[in-house]
Amino acid sequence: MVDFGFGLVPSSRINLDLFDKQKYEELASVEPDVRKCMSCGSCTAVCTAGNFVTTSLREAIESIHNGQPGKALEMLGSCQLCGKCAMVCPRGINTRHLILSINKIYGKI
Amino acid sequence: MKNNVLIVGGGPAGLEASSQLQRLGYNVILIERSAALGGHLAKWDRLFPSGVSAQDALKTLLGRIEGVKCFTDTEVQSINRLDKSYNVILSNGITVLADAVLMTTGFDLFEASRKEEYGYGIYNQVMTNADLEAYFRNHSDKRIDNPRRIGFVHCVGSRDEKAGCRSCSKVCCATAVKQAIEMKQAFPEADVFCFYMDLRLFGRHYEDMYLKAQKDYGIRFIRGRVAEVAENADGSLQVKAEDTVASKPLKVSLDLLVLMAGMRPSVSGRRVGELLEVPVEEDGYFSVREGIVSGQRSPLPGIFLAGAATGPKTLPDTLADARAAAVLVDDYLSGIFTEAKHYKNLVRELW
Ligand code: SF4
Ligand code: SF4
Ligand code: SF4
């Protein structure tokens, strides 16, 4: 079963003690720019998929930092890799590449 | 005749204004109530944004005050306004006939124990920004024993009406980011969290420092004010906040919590202000005559203000304010004591 990190937290409270540092470092080693996100929300504002289904790279990154990778995958499930978010990100993050890496690393069964 | 200028407070503002006024040809008397010059700067280790040594900066300032009459361990005892000047009696028995008084009385750090919910003075693993600077200087503090998880709490005693301070202390966001980086440098394995409401990184290079903190040091910034701290049985801390970006309550256990105590008006500065009857504003800092165009003049004749006496300032702000005050003091004295001009022109020709 995929461990989405929910099982241990029955309440919706974020528990940073559950943050998987090793996995995060794995992501950050291929996507060092993930650390640069400043939660501005530009990516979410322009997201094409977001017009129809809740899709938010900002929230996905936030969820990973908060020890809730399951939610991160959910937030990116409908992404079409159109790259609009990369055009607006003020920190110049290669968002498409980051989204692929998040899926690759956290989507592993 | 040389005009006397009395400067009250021997921190950076007082030192810089002393040196400038001395060079302009005035007879400068600088008094400091504590045993040493330098104010808070003397206790600090490194300065944001570039991390230069606070002690080197202080040495530079001290190196410029040659000729200034400095009295440490000295306070103002009483003040009488005469026709054009002030008769000031100092606690060391000396009387000064001051033609202008410059208040560079600075600030006090907020007493962090007053925010009881953060547990300073109650839980062992809670310290302040000033305690951490002391640790950086002497490398010893019983609270710091290879911490693995460190939290920084922004706005302690600032932006908090219940703590008696609605305003922002201006320097503590940058200080938190600086100290967070320094802790990562000292303990590369540690996880470091900064709890902020707004990140106020307004100055030149401050944003670069923030980016570096995220990118190179992996420091995690969580938007939300720490609301509650409790101690676990093993002595670690349980910290609660809301992650207001995620709209979720959040908890984390930490080995060390650093409180960014803000700036409060200096109590001893206020006492001197009362003797002079310098008005203060609601925030407790001295009023200025025209805040935007000449923020270094008090509403009273011959009384000037510089540095954190008129509200929180960074060190460069303070030094610029002190230089500005020196110019305004010079303008004022040149207008009132016209015979002094001749002397000053002579001094200037000598350069
Ligand atoms: S790449 Fe994905 S997340 Fe980014 S705007 Fe396009 S659909 Fe949205
Ligand atoms: S646009 Fe960039 S910086 Fe802004 S939230 Fe999205 S990823 Fe983060
Ligand atoms: S500078 Fe930052 S930490 Fe300090 S009071 Fe202002 S917002 Fe709070």
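This is a guided tour of a predicted model with chains A and B, stop by stop, with something to select at each one.

**Stop 1: the interface**

Begin by colouring chain A and chain B separately. The size of an interface is often given as the accessible area lost when the parts come together. Here chain A and chain B bury about 1,900 Å² between them, with 49% of that on carbon and sulfur atoms. On the chain A side, select Arg13(A), Leu16(A) and Arg35(A): these lose the most area to chain B, and together they account for 31% of what that side buries. If you show every residue in the contact, you should have 19 from chain A and 23 from chain B.

**Stop 2: salt bridges across the interface**

Side chains of opposite charge can pair when their charged atoms come close. How many salt bridges are there between chain A and chain B? The count is four, while over all chains it comes to 26.

Select Asp17(A) and Arg149(B) for a look at one salt bridge, where the closest N and O atoms are 3.1 Å apart. This pair crosses between chains: Asp17(A) sits in the loop between β1 (14–15) and α1 of chain A, and Arg149(B) belongs to strand β12 of chain B. Next, pick Arg91(A) and Glu207(B), whose side chains meet in a salt bridge at 3.4 Å, N to O.

**Stop 3: ligands 1 and 2, with chain A around them**

Centre on ligand 1 and show its surroundings as sticks. You will find Cys47(A), Thr48(A), Ala49(A), Cys79(A), Gln80(A), Leu81(A), Cys82(A), Gly83(A), Lys84(A), Cys85(A) and Ile99(A). By class, this shell around ligand 1 divides into seven nonpolar residues, three polar and one charged.

Now move to ligand 2. Among the residues around ligand 2 are the cysteines Cys37(A), Cys40(A), Cys43(A) and Cys89(A), and you can add Met38(A), Arg58(A), Ile61(A), Pro90(A) and Ile93(A) to the selection. Helices α2 (42–46) and α3 (57–65) of chain A are the elements that give two or more residues to this shell. How does the shell around ligand 2 divide by class? It has eight nonpolar, three polar and one charged.

**Stop 4: ligand 3, with chain B around it**

Jump to ligand 3 and select His154(B), Cys155(B), Ser158(B), Arg159(B), Cys168(B), Ser169(B), Lys170(B), Cys172(B), Cys173(B), Asp198(B) and Arg200(B), the residues around it. Show the backbone too: β12 (149–156) and α4 (172–186) of chain B each supply at least two residues of the shell. The shell around ligand 3 holds four nonpolar, three polar and four charged residues.

Stay in this part of chain B and select Arg166(B), found in the loop between β12 and α4. Leaving aside neighbours within four places in sequence, Arg166(B) is in contact with Arg159(B), Asp160(B), Glu161(B) and Glu282(B). Of these, Arg159(B) is also one of the residues around ligand 3. For a distance to try in your viewer, take the C-alpha atoms of Arg166(B) and Arg137(B): 29 residues apart along the chain, they are separated by 32 Å.

**Stop 5: two helix crossings**

In chain A, show α1 (residues 21–30) and α6 (residues 95–106) as cartoons. Their axes come within 10 Å and cross at roughly 145 degrees, and the crossing is right-handed. The contact is made by Lys23(A), Tyr24(A), Glu26(A), Leu27(A) and Val30(A) of α1(A) with Leu98(A), Ser101(A), Ile102(A), Ile105(A) and Tyr106(A) of α6(A). Seven of these residues are nonpolar, one is polar and two are charged.

In chain B, do likewise with α1 (residues 12–23) and α7 (residues 315–336), whose axes come within 8 Å and cross at roughly 35 degrees. This crossing is right-handed. From α1(B), residues in the contact include Ala13(B), Ala17(B) and Leu21(B); from α7(B), they include Leu319(B), Ala322(B) and Ala326(B). The contact as a whole divides into nine nonpolar, two polar and two charged.

**Stop 6: two backbone details in chain B**

Most residues other than glycine have a negative phi, and most peptide bonds are trans. Select Phe48(B) and Pro49(B), which are joined by a cis peptide bond with omega about 0 degrees. Pro49(B) lies in the loop between β3 (46–47) and β4 (52–53).

Finish at Asp73(B), in the loop between β5 (69–71) and β6 (76–81) of chain B. Its phi is positive, near 50 degrees.

Terms used:
Residues are numbered from 1 along each chain as its sequence is written. Chains are lettered from A and ligands numbered from 1 in the order in which they are written. This is a predicted model: local features need pLDDT of at least 70, side-chain atom pairs count only at pLDDT 80 or more; totals for chains, interfaces and linings use all residues. Side-chain values use heavy atoms; hydrogens and water are left out. Axes are lines fitted to C-alpha atoms, for helices over the stretch in contact, and angles run from 0 to 180 degrees between N-to-C directions. Helices (H or I, at least four residues) and strands (E, at least two) are DSSP runs, numbered from the N terminus. A crossing is left-handed if the near helix is turned anticlockwise from the far one by less than a right angle, and right-handed if clockwise. Contact means heavy atoms within 4.5 Å. Ala, Val, Leu, Ile, Met, Phe, Trp, Tyr, Cys and Pro count as nonpolar, Asp, Glu, Lys and Arg as charged, and the others, Gly among them, as polar. A residue is near a molecule or strand if one of its heavy atoms lies within 4 Å of it. Buried area is the accessible area (1.4 Å probe) that two parts lose on being put together, summed over both.
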